Amino acid sequence: MYGKGLRPLSIATVVGIAAALLLVFFYAPLDADQGFIQKIFYLHVPLAITALVGFILGGAFAIAHLRSGNRKWDAYSYVAIHMSVIFGVAVLITGSIWAKASWGHWWVWDEPTLVSFLIVFLMYATYYPFRYAIEDPERQARYASVFAVTAGAFVPLNFMAVRMAQSLVHPRVFATANGGLPGSMMFTFLVCLAATALLWVTLVKLELTAKSASGQLKRLRRALDAPAPGASGSRIAPEVG
Amino acid sequence: MTASRIAYMTILAKDLRAELRTLQSLPAMALFATTTFVIFRFGLDRTQLSGSLAAGVLWATLLFAALLGVNRLFVAEREEGGFDAIRLAPIDRSALFAAKATALFAYLAVLELVVVPIFALFFLGSAAALGPLVAVLLLADLGIAATGTLISSMAVHSRARDLLGPLVLLPLVVPLMIAATGASEPLLAAGGPGYHRFGGWLAVLSLYDLIFLLLGWAVFDFLLED
């Protein structure tokens with residue numbers, strides 16, 4: 001039931017990513033300062049923004065779950081967080097590569113956005129052990145939602161605290177916000193952001209579809225495996241209906 | 001007095017009395033913290049600490065000692081059927097959150113009353129920083145009490161409860177620790193207490209406390225539903 005629209009969405013994603021890559025390599029100008037390596041910006045920053053928005057969306061879905069009690073929202077929340085954690089791994093790897101190329105170290109503590117992202121990532125990485133340590137499925141869904149809401153509130157607080165912990169005199173090496181970007185770079189960046197967001201939505205939809213399909217399969221299996229009415233000796237009377 | 005207020009007072013009094021009679025958490029927390037100071041003495045190979053090093057040692061120790069208390073917070077409720085009793089009673093469930101958070105806050109305050117003077121005795125040249133440090137300690141305690149109660153109440157229902165509480169709580173209190181160490185660092189500086197960005201850090205601590213107290217209060221109902 002989640003599968004509807006998956007095909008056009010996938011096609012749009014492929015087209016979007018292809019367009020984004022073409023723009024990155026053939027349209028956007030080379031950065032005067034950093035040269036070719038700056039192109040990783042078009043991958044790293046959209047991934048980071050998508051992952052963060054995904055975490056916040058996970059929190060919003062969790063609120064919907066807690067308010068309505070509908071388990072569908074818990075599945076949405078879980079898949080949103082799951083996909084954002086995967087994107088988060090990519091953010092940390094691309095950030096690390098960028099740091100190595102432009103500062104000579106695989107990890108730098110001076111870049112508050114990257115450090116904040118690491119802490120957010122570590123927070124959400126505990127979502128899995130937390131969720132799967134709770135056995136009762138109904139309780140699991142509820143507690144996971146409370147976790148998602150709590151972590152969602154934690155994200156902006158964490159960014160604030162980390163930014164404040166940087167000494168004020170330290171110069172920002174480059175603006176991760178869109179402050180000083182020339183028009184052509186800005187346009188490329190926005191296309192990349194849209195393509196990455198599309199990829200996220202497609203993957204979320206795909207996982208939801210797979211989850212719902214495997215759930216249906218499990219239900220069908222159980223129905224098949226159940227002893228036919230009247231066949232089992234232990235039953236006193238055959239079930240009605 | 002409203003019914004919730006009575007429930008809150010009753011649960012809190014029960015918790016404090018139980019702790020006073022069994023002494024399950026507090027002595028262990030204090031002993032743990034003191035031993036950790038000794039380990040830092042050798043691990044860092046310093047007999048005097050100041051500035052960021054002093055703030056780091058103090059807060060890392062207090063946080064890990066607090067985790068011991070957090071882990072124990074709901075164990076009795078779970079094992080002796082306290083949760084069922086609360087669910088049966090016609091009271092606001094948030095009263096349990098408020099009472100447990102207050103109890104944890106009280107444990108932390110008592111812990112620091114014992115352990116912070118020991119820290120000063122071990123590592124600090126003077127006790128001048130301890131006065132303003134109280135404000136930082138109290139605000140950070142409030143944050144740990146709010147998040148600790150929330151996480152502990154969930155972790156206690158899981159398979160790996162002793163593992164899960166610290167696992168989830170540690171990243172959650174990172175912003176709180178950033179602010180607490182940020183405020184403590186100039187206070188513990190070698191040349192006497194300084195107040196560099198003290199107000200800003202206290203504001204971050206207060207904001208953290210406010211957000212997670214409200215959040216805990218709001219979501220706690222969902223944790224007791226069954």
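**Exercise 1: the contact between the chains**

Work out how many residues chain B and chain A each bring to their contact, and which elements of chain B take part.

*Solution.* Keep in mind that this is a predicted model.
- Step 1: count each side. Chain B puts in 26 residues and chain A puts in 25.
- Step 2: sort the chain B side by element. The ones giving two or more residues are α7 (130-155), α8 (161-172), α9 (174-187) and α10 (198-224) of chain B.
- Step 3: look for the largest share. That's α10(B), with nine residues.
- Step 4: check the chemistry. The chain B side splits into 20 nonpolar, four polar and two charged residues.

**Exercise 2: α7(B) against α9(B)**

Find the angle between α7(B) and α9(B), and say whether the pair is roughly parallel or antiparallel.

*Solution.*
- Step 1: take the axes. They sit 10 Å apart, at an angle of about 175°.
- Step 2: classify. Angles over 145 degrees count as roughly antiparallel, so α7(B) runs roughly antiparallel to α9(B).
- Step 3: list who touches whom. From α7(B) you get P132(B), L133(B), V136(B), A140(B), G143(B) and I144(B), while α9(B) offers L176(B), A180(B), A183(B), S184(B) and L187(B).
- Step 4: tally by class. This contact has nine nonpolar residues, two polar and no charged ones.

**Exercise 3: α6(B) against α7(B)**

Now describe how α6(B) crosses α7(B): left-handed or right-handed?

*Solution.*
- Step 1: the geometry. The two axes come within 8 Å and cross at roughly 145°.
- Step 2: the hand. The crossing is right-handed.
- Step 3: the residues. Among those on α6(B) are F97(B), L104(B), F105(B) and E112(B), and they belong to a contact with α7(B) residues including L137(B), D141(B) and I144(B).
- Step 4: the classes. Here you find 14 nonpolar, two polar and three charged residues.

**Exercise 4: the core**

Which residues have the most contacts inside the largest nonpolar core?

*Solution.*
- Step 1: the core has 132 residues, and the ones with the most contacts inside it are L176(B), A179(B), A180(B) and L205(B).
- Step 2: ask which helix gives the most. It's α6 of chain B (residues 94-123), with 15 residues.
- Step 3: zoom in on L176(B). Beyond its neighbours within four places in sequence, L176(B) contacts A140(B), G143(B), I144(B), L205(B) and Y208(B).

**Exercise 5: chain A**

How many helices and strands does chain A have?

*Solution.*
- Step 1: chain A has seven helices and zero strands.
- Step 2: for burial, 34% of its 241 residues count as buried.
- Step 3: for contacts with a separation of 6 or more in chain A, 80% join residues 24 or more positions apart.

How values were computed
Residues numbered from 1 in each chain as written. Chains lettered and ligands numbered in written order. Predicted model: local features only at pLDDT ≥ 70, side-chain atom pairs only at ≥ 80, totals over all residues. Contact = placed C-beta atoms within 7 Å. Helix = DSSP H or I, 4+ residues; strand = E, 2+ residues; numbered from the N terminus. Nonpolar A, V, L, I, M, F, W, Y, C, P; charged D, E, K, R; others polar. Axes fitted to C-alpha atoms, helices over the stretch in contact; angles between N-to-C directions. Parallel < 35°, antiparallel > 145°, perpendicular 65-115°, else oblique. Core = buried A, V, L, I, M, F, W, Y, C linked by C-beta atoms within 7 Å. Buried ≥ 20, exposed ≤ 12 C-beta atoms within 10 Å, placed from the backbone. Left-handed = near helix turned anticlockwise from the far one by under 90°.
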